[in-house]
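This briefing goes through the model by topic. Please keep the sequence and the structure open while reading.

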Amino acid sequence: MAGQPRLFDLPDAPEPWELAAEADLLTAEIVLPLPTPTTFHYLVPDALRDLIRPGQRVKVPFGRGDQLKVGFVVAVGSPPPAARRLKSIDALIDREPLIAGDMLELTKWISERYLGSWGQVLDSVIPAGVKKQAGTREIRCFQLAEGALEKAASLKLPARQRAVLEVLQEADGPVPVDQLEAAAQCGTSPIHALRDKKLIVPVRQRRSTMTEEYTPAARTADLILNPDQQTALDAILEPLQAPRHETILLHGVTGSGKTEIYIRAIREVVSYGRQAIVLVPEISLTPQTIRRFGSRFSSLAVLHSHLSDAERHWHWQRIASGEVEVVIGARSAVFAPTPHLGIIVLDEEHETTFKQNATPRYHAREVARERARRAGVPLVLGSATPTLESFDRAQRGLDRLIEMPNRVEQRPLPPVVIVDTRNDALVPRGHSIGRALKHSIERSINEGGQVILFLNLRGYSPVLWCLKCNEGVKCPDCDISLTWHRDRGKLLCHSCDFEMPPPERCPSCGQPGQKYLGAGTQKLEQEVRSKFPDARIVRMDSDAMRKPGSHDEALERFRKGEIDILLGTQMIAKGLDFPNVTLVGVIDADSMLHQPDLRAAERTFQLIAQVAGRTGRGEKAGRVIVQTMSPDDAVIQLAAEHDYLGFAKRELAQRREHHAPPATNLARVIVRGPREDLVRAEIRKIVETLKETAKGRGDDLRILGPAPAPILRLKKLFRYHCQLSAPTIEQILEWWRAAEARFSLPDEVELTIDVDPLDLR
DNA sequence: AGCACGCCGACT
DNA sequence: GTCGGCGTGCTC
C-alpha cells in the first residue's frame, strides 16, 4: 500500500482499490500557465482541506521531474471520473483567493474568446502588486485567548499585565506588538508573561504599510439635466432598476453632457449599495476627470498605469472589501474586484486603447459586455463617434441606442472650414500653416481666445531623404524611416528604441546630400513661434511630456489662460474641456485618411469630430479649420458637417461590400522570427492547414494571404501574416482550434493570433 | 512551455 | 552498429 516501496512505475489506470481509496478524497482543479486548454487535477492534502478555495494559487509538482509550478485553483471537489493517478498539491500560496469565482469564469471566457490559454489570461489579469502583496508586511500581533477575561478575573495580575488585557479587550481583535506596547505603556515583558500564562495568543497579520489615505474632494451638487439628458438617464435607469443586463450606446455629440448622465446613473447604483466601474482611455484619466467623479462620491478608487505595485494592491484591496463606490480606470480596470457590481460605464467607446496590444489581446468593451451580462447589470457605452461595430449592433436592436444630437445649453457645434492646401501660397513651400489658418490664429488670439493645433506626428522631420538612393534612411532593426528629433540631436525609430546621430553621408550609398522632409510637432512648434512671436506656446507630445506630471501641469496652465496656443499630437485631441478655446486647427487631415487600413476612414472621421469637439464649449463661439489636400473626400466633408449618421451609413455599406467588420469577423495570424525564409515557410504551412481545415465548414470562411506584414521587419524580426474572416466569431474560433492542433513551430519562429484586430501593422 | 520519446541520416 | 537531428505528443 502507501508505505510499500514501489519497484516499478505505476500504470496509468489505478487499481480498483485505489479508486475506492480515492473516492472520498478531495481534489482541486488547477490551471497552469501553459499554452494548453487542459486543466489538471491534484489531491488536496489533509492539512489544506479547510483552507483551499478557488482563486488561490498553489505550488504543484508537474511533469516527469515533478518541477514545482504555480497554478490557480479553479475548482475544488471530488476526483474527476476519468480516474488516473493524481499527484498532491505541494503548498498553498495565498491565504485568501486573489480572484472571485465569477471573475475566474470571466477569465475563462476571455481565454476562449481571444484564443489565449486560461492560465496565461489569469496570470495577466491579476496585477503583479496583488500577487506579491506589495505594500504589506506580516506583523506580529497579539489577541485575547479564548475565555481569557474570565480566567484573568480570578487571577491576581500585575498592573501592567492588566493594562495590556484592557487594551486588547477594547481593540476587539489582534493588535500589533508595537501598538500594544505603546497603548499599555509597557515593554515586552508583561506581554510575554501573559503569553506564557496563555491569556493572550500571538497571531501574524498582514497589514498595509501604505500611509496614504483617500481624501474625498469637496462635494459638489448635481447639475440640472436638460430634457435630452433626462431621457438618456431614464433609459439607463430602467434596466438598472429591473435589474437586468442591457447594453446602452449613448451616442452624444461632443459637449452633450454624457459625463453628468454617467454620474447620475452611478448615484442610483450606489444608493443600492452596489459599485460602479467607469472605464476611460488612459489619456483621459486626468486630475480633472478624477476630480469630477471624486467630488460626487464619497469613495473612489483610481486604477492607472502609473501606480506603484503597492498602490495598486492597496486600491485592489479597498475595491474588494466593498468600501469603494466607484472605480475609475483604464482598460484593465474592467477586472476590478467589486463584490457587488451595479453598472459598467465605458466612455469614449471608440478609443483603440481599450484593445490590449499584447496577449491576451482582449477588448475591454467586449469583456465589459460579458461581465455585465453575467452580472445582470447594464453596460453604458458612450461616444460622439461610436465604432461601426457598436453602432451596427445598436441599429440591429442588439443594444439600445440613445441619441443626444445637441450640446448642453443649446451651444452650437463649431463650423468646420475645409481648406484646400494644394492652392495655398505657403504650404507647397514647406510651411505647415497655410494662409487661412494663419489668419484665423491671429484673429482668435487678438480676440482673447485660445488655439489648439493638431498634428499627428511627433519629432521634427519624419524622413531623412537620400537624393541618390531616392529613399529615406531606415532603422537598421525595423522597416521604418527614422524621425529627426532636433531637440535631442538624434534620429529616432518610433517602433523600437534605436537612435543615432544624423549621418553626414547616406548610410546605404555613402553619398552626402540628404534632405529632411515633412514636418512633425517640433518643426510645427518652430514655425508657430516664428509666425506668432508674441504668443505663449506649449507643445504637447510624448517627447515634451516625458516628465511625470508635466502633462497635467501643461493642461492646468492652458486652463488658467497662461498659454495661447497648445499644439500637439493625439494627446490634445481627446476629451479636453476648455471653454476659452475658439479655434482648432487640423494641420494635416490626410495623414490618416490614406493609410492602408480598413478603418482609415473611420479614424479620420473620429479625429476631425473629436478635435472639433474641443472648441465652442463655453460662451464664446468656436471654429475649426481642417487643412487637407483631399477637400472633396466624402469622409472629410461628412466630418465637417458633423454628420455621423451619414458617415456611418455610407461606411457600413462599404464595409459590407468589402466583407469587412462589422459585416464579418476577423482574426489575424502573425508569424515572426529572425530568419525571413523560415517565417515565410511557416506562414505558408499555416495558411495551407487553415485552407484544408476550412473545407466542409461552409464557404463563408475566407482567408487572405499569406503576405508580408505592412511593416515587414520590426525589432529585428521578419513578420508575415494572414487574415481569417467569417460571418460569426464562433466560426473563426472553431476554425482556428481545429487547425491549431495540426501545426507546430520551429524554435526561432513565434506565432500570435489577434482576434478582432484593430490594426494590421 | 519544457521534456522525453522516436524514427531517420552520417559518423567511429 | 551508435550519435544526434528535431517532428510529435504529453504533462494531473
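Two strands count as paired if DSSP finds at least two bridges between them. Strand β19 (residues 463–466) and β24 meet that rule, pairing in the antiparallel sense over 4 bridges. The model is predicted. The points below start with the sheet that holds this pair, and then take up the record annotations, the two DNA strands, the empty spaces and the backbone.

**The sheet around β19**

- An open sheet of 3 strands runs in the order β20-β19-β24, and its pairing is antiparallel.
- β20 (471–472) and β24 (514–517) are the edge strands, each with a single partner, so one side of each has no neighbour in the sheet.
- Within the pairing of β19 and β24, Val463 has Leu517 of β24 as its bridge partner.

**Annotations from UniProt**

- An unreviewed UniProt entry places the feature "binding site" at Cys475, Cys478, Cys493 and Cys496.
- These four span 22 residues in sequence, yet no two of their C-alpha atoms are more than 8.7 Å apart, so they gather at one spot.
- Cys475 sits in the loop between β20 and β21 (483–485).
- The unreviewed UniProt entry also gives the feature "domain: Helicase C-terminal" at residues 477–653.
- In the model, residues 477–653 are 31% helix and 18% strand, and the end C-alpha atoms of the span lie 40 Å apart.

**DNA strand C**

- Which residues are around DNA strand C? They are Phe40, His41, Tyr42, Pro61, Phe62, Gly63, Arg84, Leu86, Lys87 and Ser744.
- By class, this surface has 5 nonpolar, 3 polar and 2 charged residues.
- A backbone N or O atom of His41 is 2.4 Å from a base oxygen of DNA strand C.
- Two contacts go to phosphate oxygens of the strand: a backbone N or O atom of Gly63 lies at 3.4 Å, and a polar side-chain atom of Lys87 lies at 2.4 Å.
- β2 (40–43) and β3 are the elements that give two or more residues to the surface near DNA strand C, and β2 gives the most, with 3 residues.
- Sugar or phosphate accounts for 58% of the atoms of DNA strand C within 4 Å of the protein, and bases make up the rest.

**DNA strand B**

- DNA strand B is surrounded by Leu34, Pro35, Arg64 and Gln67.
- These residues divide into 2 nonpolar, 1 polar and 1 charged.
- Gln67 places a polar side-chain atom 3.3 Å from a phosphate oxygen of DNA strand B.
- Of the atoms of DNA strand B within 4 Å of the protein, 54% are in sugar or phosphate, and the rest are in bases.

**Cavity and pocket**

- Rolling a probe the size of a water molecule over the atoms shows where empty space is left.
- How many cavities of 30 Å³ or more are there? The count is 1.
- The largest cavity holds about 30 Å³ of space.
- Its lining consists of Val31, Leu32, Leu34, Thr36, Pro37, Thr38, Thr39, Ser117, Trp118 and Gly119.
- That lining divides into 5 nonpolar and 5 polar residues, with no charged ones.
- Leu34 therefore appears both in the lining of the largest cavity and around DNA strand B.
- The second largest pocket has a volume of about 1,200 Å³.
- It is lined by 49 residues, of which Gly257, Thr259, Arg292, Asp577 and Arg617 are the closest to its centre.
- α9 (227–241), α10 (258–271) and α11 (287–294) are the elements that give two or more residues to the lining of this pocket.
- The lining of the second largest pocket has 16 nonpolar, 19 polar and 14 charged residues.

**Backbone exceptions**

- Most residues other than glycine have a negative phi, and most peptide bonds are trans.
- The peptide bond from Ala242 to Pro243 is cis, with omega near -15°, and Pro243 lies in the loop between α9 and β10 (247–252).
- Thr359 and Pro360 are also joined by a cis peptide bond, with omega about -5°.
- Pro360 is in the loop between β14 (341–347) and α13 (364–375).
- Asp66 is not a glycine, yet has a positive phi of about 50°.
- The loop that holds Asp66 runs between β3 (57–62) and β4 (67–77).

Conventions:
Residues are numbered from 1 along each chain as its sequence is written. Chains are lettered from A and ligands numbered from 1 in the order in which they are written. This is a predicted model: local features need pLDDT of at least 70, side-chain atom pairs count only at pLDDT 80 or more; totals for chains, interfaces and linings use all residues. Side-chain values use heavy atoms; hydrogens and water are left out. A polar contact is a pair of N or O atoms within 3.5 Å; within protein, one must be able to donate a hydrogen and the other to accept it, and residues adjacent in sequence count only if both atoms are side-chain atoms. Ala, Val, Leu, Ile, Met, Phe, Trp, Tyr, Cys and Pro count as nonpolar, Asp, Glu, Lys and Arg as charged, and the others, Gly among them, as polar. UniProt positions are given in the numbering used here, feature names are shortened, and annotations may be inferred rather than shown by experiment. On a 1 Å grid over the protein atoms alone, a cavity is a set of points where a 1.4 Å probe fits but cannot get out, and a pocket is an open set with protein on both sides within 12 Å along at least five of seven lines; lining residues have an atom within 4 Å of a point. Grid points are joined across faces, edges and corners, and a volume is the space filled by probe spheres set on the points.
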